[in-house]
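Welcome! Let us take a friendly walk through a protein, from its overall layout down to single side chains.

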Amino acid sequence: MHRPESCSPGCGGAGADERQLLRDGRVLSQAYNKHLGSTNSRMSTHAEENALSGVRRCDARGAIMIVVRLNNLGEPRLSRPCVRCARISIKLGVRTVYFSI
């Protein structure tokens, strides 16, 4: 996994967690973390899972994922995918993951 030079691709609004899946210069999927139940619930699906769920395996193979997390001030924060999301990305053939630090 790599760190991008700039976190501008895919940056959302303040306090945002956003993932984009790109291949051949086009956006295949864009997703955010989703809370299951109420917004106070600790149960959620990660944005990486949501971004990959609607993409065919053949489209994901060789794709680039950009993972960005911003705090409430709009400053980049660590957004390295968790082990589960990294495994899903590898299994589907995502070539490179860039994340904010």
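Below we look at the layout, the core, one buried glutamate, the salt bridges and the cysteines.

**Layout.** Keep in mind that this is a predicted model. The protein chain contains 3 helices and 7 strands. Going along the sequence, their order is β-β-β-β-α-α-β-β-α-β. The chain has 101 residues, and 40% of them count as buried. If we take the contacts between residues at least 6 apart in sequence, 62% join residues at least 24 apart. About 6,200 Å² of the protein chain's surface is accessible, and carbon and sulfur atoms account for 50% of that area.

**The core.** In soluble globular proteins, nonpolar side chains tend to be buried together. Which residues make up the largest nonpolar core here? There are 11 of them: Leu21, Leu52, Val55, Ala60, Ala63, Met65, Val67, Leu92, Val94, Val97 and Phe99. Strand 5 (64–70) and strand 7 (96–99) are the elements that give two or more residues to this core.

**A buried glutamate.** Is glutamate 48 buried or exposed? Its relative accessible area is 2%, so glutamate 48 is buried. This residue belongs to helix 1, which covers residues 47–53. Beyond its neighbours within four places in sequence, glutamate 48 touches Arg19, Met65, Val67, Ser79, Pro81 and Cys85. Two of these names, Met65 and Val67, also appear in the core described above.

**Salt bridges.** The structure holds 4 salt bridges, and the table shows some of them.

| Acidic residue | Basic residue | N to O distance |
|---|---|---|
| Aspartate 24 | Arginine 23 | 4.0 Å |
| Glutamate 49 | Arginine 84 | 3.2 Å |
| Aspartate 59 | Arginine 56 | 3.1 Å |

Take the pair of glutamate 49 and arginine 84. Glutamate 49 sits in helix 1 and arginine 84 in helix 3 (residues 83–92), so their bridge ties together parts that are 35 residues apart in sequence. Glutamate 49 is partly exposed at 21% relative accessibility, and arginine 84 is partly exposed at 42%.

In the pair of aspartate 59 and arginine 56, aspartate 59 counts as buried at 16%, whereas arginine 56 counts as exposed at 56%. Aspartate 24 is exposed, with 72% relative accessibility, while its partner arginine 23 is partly exposed at 26%.

**Cysteines.** How many disulfides does a search of the whole structure find? The count is 0. For cysteine 82, the nearest cysteine sulfur belongs to cysteine 85 and is 3.6 Å away. A disulfide needs sulfur atoms within 2.5 Å, so this pair does not qualify. Cysteine 82 is partly exposed at 27% relative accessibility, and cysteine 58 is partly exposed at 47%.

How values were computed:
Residues are numbered from 1 along each chain as its sequence is written. This is a predicted model: local features need pLDDT of at least 70, side-chain atom pairs count only at pLDDT 80 or more; totals for chains, interfaces and linings use all residues. Side-chain values use heavy atoms; hydrogens and water are left out. Buried means under 20% relative accessible area, exposed over 50%, partly exposed in between (1.4 Å probe, protein chains only). A nonpolar core is a set of buried Ala, Val, Leu, Ile, Met, Phe, Trp, Tyr and Cys residues joined through side-chain atoms within 4.5 Å. Helices (H or I, at least four residues) and strands (E, at least two) are DSSP runs, numbered from the N terminus. Contact means heavy atoms within 4.5 Å. Accessible areas come from the Shrake-Rupley method with a 1.4 Å probe; for residues, only the protein chains shown count as cover. A salt bridge is a side-chain nitrogen of Lys or Arg within 4 Å of a carboxyl oxygen of Asp or Glu.
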